[in-house]
Amino acid sequence: MVDRSNNRIVLISIRPDLAEAILAGSKTVELRRSAISDEATLFVVYATAPVSAIVGWFESAKIQIDAPNGLWDRYGSLTGIIRSEFDGYFAGAQTGFAIEVKSTTRVEPPVPLADVPAVKRAPQSFQYLDSAAFTQITGSTADWYQQARLHSLPGD
């Protein structure tokens, strides 16, 4: 069993429609081609252009690693995309990563990266953040588990 007590924070770039689906609870698995630390538990959602802002965050239940076909078989209906998009995204990949969404928090209004000095630029895929960056995003120095007021998704 992986020790997830380090609560690693990840800033993750997601298309606006898929970011909204995560925050609305209709997309409960985020897919990645690149390895993400098993210690990652909090994912700050940066919605790409035209939104270009942080729109919320989610807590991860777990991260699964598998061959793309295995990921589709297990999570396809939970990803918010159709099979042809999935196949295009994972073309040539031997493995993929499925981040299971446990709970979400929406940021109102969205936070432009210019308001988060600890983040120099939007990540192409993802980047790790320290707690100071998350504090700038939330505007609080409270422990993120207490401050975030994470809301469970239906079915939890």
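1. Start with the cation over a ring. In this predicted model, the charged end of R8 sits over the ring of Y128. The distance to the ring centre is 3.8 Å.

2. Next, ring against ring. A pair of aromatic rings is described by the distance of the centres and the angle of the planes. How many aromatic pairs does the structure hold? The count is six.

3. One of the pairs is F43 with F58, and this pair is stacked. The centres are 5.1 Å apart, with 10° between the planes. The pair links distant parts of the chain. F43 lies in strand β3 (residues 40-47) and F58 in strand β4 (residues 53-66), 15 residues apart. Buried or exposed? F43 and F58 are both buried.

4. Why is the pair of F86 and F90 called tilted? The ring planes stand at 50°, which falls between the 30 degrees limit for stacked and the 60 degrees limit for edge-to-face, so the pair counts as tilted. The ring centres are 4.8 Å apart. F86 and F90 are both buried.

5. F86 and F90 also belong to a cluster. Which other residues join them through ring pairs? They are W72 and Y89.

6. W72 leads on to helix α2 (residues 68-75), where W72 is one of the buried residues. The others are P68, G70, L71 and Y75. What do the buried residues of α2 pack against? Their partners are β2 (29-32), β4, α3 (83-89) and β5 (96-111). Strand β4 is also the strand that holds F58 of the stacked pair.

Terms used: Residues numbered from 1 in each chain as written. Predicted model: local features only at pLDDT ≥ 70, side-chain atom pairs only at ≥ 80, totals over all residues. Heavy atoms only, no water. Phe/Tyr/Trp six-rings, centres within 6.5 Å; stacked < 30°, edge-to-face > 60°. Helix = DSSP H or I, 4+ residues; strand = E, 2+ residues; numbered from the N terminus. Buried < 20%, exposed > 50% of the residue type's maximum accessible area, 1.4 Å probe, protein only. Lys NZ or Arg CZ within 6 Å of the ring centre and 35° of its normal. Contact = heavy atoms within 4.5 Å.
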